[in-house]
Amino acid sequence: MRSIRLEPTDAIGGVLVTLIGLVTAGISSQYPIGRISNIGPGAFPLALGIIMVLLGLGIIAGSVGRTGSIRQPNWRAAGVVMLSLTCFALLIGSFGLVPAILVSAFIARFADNRFHFGRVFILACSLALLCWLIFIALLGLPIPVLELSL
C-alpha cells in the first residue's frame, strides 16, 4: 500500500480554510439568497463560503507529494497582530477611522523585527486613504473619519 505524502503546514491550513468555508456556507443558508436581480443577505456569505472551500481544497491539493515539518508558531507576532486589531476596535468609535488605522498599522509593524518608520508611515497613510475611499466615499458607510469624543 502506498502512502500519500503531505506537507503538514499547507495541509492543516487548507483543512482550516475549508472548514471555515463550510461553516460560512452553512450559516448563510439560513438567510434568503434572493435572485440575481435582487440579491438577498445570504448570497454574499454563501459565495464567500464556496470560494473558501475551493481555495482550501486547492491548498490541500498543493500540499500533496511534498514533505516538510510543522514550524513553531511565532507567538510574538500573533500577539502583536491581535493587539493591533484590538486597538483598532477600541479606537475607531472614539477617534474615527483614520487614527484607528494609523495606530493599528504602527502597532502591527512590531510583529516583524525590521521596523522602518518611513515605510510604515507610507503604508499606514496609504491604508487609511484606501479605507476612506472604499468604505466612506464609495460605499457611503457612516464611519467617522476623525472624531475626538471620549
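Colleague: What is the relative accessible area of F121?
Modeller: Bear in mind that this is a predicted model: local features need pLDDT of at least 70, side-chain atom pairs count only at pLDDT 80 or more, and totals for chains, interfaces and linings use all residues. Residues are numbered from 1 along each chain as its sequence is written, and side-chain values use heavy atoms, with hydrogens and water left out. Buried means under 20% relative accessible area, exposed means over 50%, and partly exposed is in between (1.4 Å probe, protein chains only). F121 is therefore partly exposed, with a relative accessible area of 43%.

Colleague: And F117, is that one buried or exposed?
Modeller: F117 sits in helix α5 (residues 117-138) together with F121, 4 residues away, about one turn of the helix. Helices here are DSSP runs (H or I, at least four residues), numbered from the N terminus. The relative accessibility of F117 is 54%, so F117 counts as exposed.

Colleague: How are the rings of F117 and F121 arranged?
Modeller: Rings of Phe, Tyr and Trp (its six-membered ring) pair if their centres lie within 6.5 Å; planes under 30 degrees apart are stacked, over 60 edge-to-face, and the rest tilted. That rule gives 2 aromatic pairs. In the pair of F117 and F121, the centres are 6.2 Å apart and the planes are at 20 degrees, so the arrangement is stacked.

Colleague: Which residues form the aromatic cluster?
Modeller: Two of the members, F117 and F121, both lie in α5. The full cluster is made of F106, F117 and F121.

Colleague: At roughly what angle do α4 and α5 cross?
Modeller: Axes are lines fitted to C-alpha atoms, for helices over the stretch in contact, and angles run from 0 to 180 degrees between N-to-C directions. The axes of these two helices come within 9 Å. α4 passes α5 in a right-handed crossing, where the near helix is turned clockwise from the far one by less than a right angle (anticlockwise would be left-handed). The axes of α4 and α5 cross at roughly 145 degrees.

Colleague: How many residues in the contact of α4 with α5 are nonpolar?
Modeller: Contact means heavy atoms within 4.5 Å, and on the α4 side the residues include L97, I101 and F106, meeting residues of α5 including F117, F121 and W132. Ala, Val, Leu, Ile, Met, Phe, Trp, Tyr, Cys and Pro count as nonpolar, Asp, Glu, Lys and Arg as charged, and the others, Gly among them, as polar. With no polar and no charged residues in this contact, the nonpolar count is 16.

Colleague: How far apart are the axes of α1 and α2?
Modeller: Helix α1 (residues 8-28) and helix α2 (residues 43-63) pack at an angle of about 160 degrees. They are therefore roughly antiparallel; angles over 145 degrees count that way, under 35 as roughly parallel, 65 to 115 as roughly perpendicular and the rest as oblique. Among the residues that make the contact are D10 and A11 of α1 and S63 of α2. The axes of α1 and α2 are apart by 7 Å.

Colleague: Which residues does S63 touch, not counting residues up to four places away in sequence?
Modeller: S63 belongs to helix α2. Its relative accessible area is 0%, so S63 is buried. With those neighbours left out, S63 touches R5, L6, E7, D10 and A11.

Colleague: What separates the C-alpha atoms of E7 and I60?
Modeller: E7 lies in the segment before α1. At a relative accessible area of 7%, E7 is buried. Along the chain E7 and I60 are 53 residues apart, yet their C-alpha atoms are separated by 8.8 Å.

Colleague: Where is R66 found?
Modeller: R66 is partly exposed, with 36% relative accessibility. Setting aside residues up to four places away in sequence, R66 touches R5, L6, E7 and D10. R66 is found in the loop between α2 and α3.

Colleague: Which residues is P144 in contact with, leaving aside its neighbours within four places in sequence?
Modeller: P144 is in the segment after α5. Its relative accessible area is 28%, which means partly exposed. Beyond those neighbours, P144 is in contact with I92, G96 and L97.
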